[in-house]
Structures are given as structure tokens and as C-alpha cells.
Amino acid sequence: MTFPGESNTIPFPSGRADGDTLGGRIWRARDALGLGLEDLAARLGLPEATVSGWERDHAEPETKALFMLAGVLSVSPSWLIAGIGEAPADPSGEEHLHPLLRQLQEIRQLHDQTGKAIAALETEVAKLIKKDQG
């Protein structure tokens, strides 16, 4: 039964859901706190392999562990489960980046430098061709 001005639907948090996986969100929250995998496992009282399996999306925590995990990581369970709500702040500085993200940044920089070098070389070749023809 609803009363005037009330709705019988459950309010759903607004905003877009985080597109990452559960494991990715666990890793991001752990990284934002500067916790190692071993530290997180110890705080949860679980084997490191268990937590590692969650981060790699090879397994999912049971409900009780998920709520403990959210508490330890200072995020909401809804953000961990579905990416809905407030994400942890990204750590500042490149020293906190996952090694693969750091490597990707380096490759992008090299790609940009290569593009500039190719453009400069093309300009020089065009000048040489024009000089030879003229």
C-alpha cells in the first residue's frame, strides 16, 4: 500500500555505474589505500590466494566477506558489487599505478614521439623531392 506522494519503488542511486569488474574495483580500492595484497588478506583474516582470486575475477567473495571487504577498503558494498556509488579517490603520482598502466603510459608517449618523428621526416623528404624536381 502506498500513500499519496509515495512510490512503491526502491530508490536507485543516480549516476553511471563503474564499468570495471568486481576484481578490478577491489584492486583499485586496495591500491587507493596503498595496501598490498598480503596486507588486505591479513586484515580480512583470509589467505592471500583467496583475495588474489577475487581481484583476478576467478572467484567472488561470499556476502559476509564482501561486506567485510567493503569496510576494510572504505567503499560501499554497492560500489564493489556493481560500481554504483562513490569510487575511491585515485592515488596521486605514478608510483601508485599498476605496472601495466605505467607501461601503457610509456607506450603512448613513445607512440606520440614516433608520430612527431614521422611527420618531421615526411617534411624533410618532401623538401628533398621538391629540391630535386626544381
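In this predicted model, the buried residues of helix 3 are covered by parts of the chain that include helix 1, helix 2 and helix 4. The residues of helix 3 that are buried include Val51, Ser52 and Gly53, and they are followed by Trp54 and Glu55, which are buried as well. Just after helix 3, Asp57 adopts a positive phi of about 60°.

The surroundings of helix 3 overlap with the largest nonpolar core, which has 18 residues. Two or more residues are given to this core by each of helix 1, helix 2 (37-44), helix 3 (48-55), helix 4 (63-73) and helix 5 (77-82), and helix 4 supplies the largest share, with 5 residues. The residues with the most contacts inside the core are Ile26, Leu40, Leu69, Leu73 and Leu80. For Leu69, when neighbours within four places in sequence are left aside, the contacts are with Ile26, Leu40, Leu44, Trp54, Pro61 and Leu80; Trp54, one of these partners, is also one of the buried residues of helix 3. Such an arrangement can be set beside a general tendency: in soluble globular proteins, nonpolar side chains tend to be buried together.

Charged side chains were examined next. The count of salt bridges comes to 3. One of them joins Arg30 to Glu55, with the closest N and O atoms 2.5 Å apart. Because Arg30 lies in helix 1 and Glu55 in helix 3, this pair ties together parts that are 25 residues apart in sequence. Arg30 counts as buried, since its relative accessibility is 11%, and Glu55 is likewise buried, with a relative accessible area of 14%; both values fall under the 20% below which a residue is called buried.

A further salt bridge links Asp20 and Arg28, whose closest N and O atoms are 3.3 Å apart. Here Asp20 is partly exposed, with a relative accessible area of 30%, and Arg28 is also partly exposed, with a relative accessible area of 23%. In general terms, side chains of opposite charge can pair when their charged atoms come close.

Another arginine, Arg25, is placed in helix 1 (residues 22-33) and is buried, its relative accessible area being 3%. A polar atom of the Arg25 side chain lies 2.8 Å from the backbone oxygen of Trp79.

The remaining features concern helix 6 (residues 99-133), in which Ile129 lies. The side chains of Glu124 and Lys127 meet in a salt bridge, with an N to O distance of 3.6 Å. Because Glu124 and Lys127 are 3 residues apart in helix 6, about one helical turn separates them. Glu124 is partly exposed, with a relative accessible area of 42%. Leu121, Val125 and Ile129 make a nonpolar surface patch of about 270 Å², and Ile129, at 45% relative accessibility, counts as partly exposed. An α-helix has 3.6 residues a turn, so residues three or four places apart point the same way.

Key:
Residues numbered from 1 in each chain as written. Predicted model: local features only at pLDDT ≥ 70, side-chain atom pairs only at ≥ 80, totals over all residues. Heavy atoms only, no water. Patch = residues over 30% accessible without salt bridge, like charges linked within 9 Å, V, L, I, M, F, W, Y side chains within 5 Å. Areas by Shrake-Rupley, 256 points an atom, 1.4 Å probe, with all protein chains shown as cover. Salt bridge = Lys/Arg side-chain N within 4 Å of Asp/Glu carboxyl O. Helix = DSSP H or I, 4+ residues; strand = E, 2+ residues; numbered from the N terminus. Buried < 20%, exposed > 50% of the residue type's maximum accessible area, 1.4 Å probe, protein only. Polar contact = N/O pair within 3.5 Å; in protein donor to acceptor, adjacent residues only side chain to side chain. Core = buried A, V, L, I, M, F, W, Y, C linked by side-chain atoms within 4.5 Å. Contact = heavy atoms within 4.5 Å.
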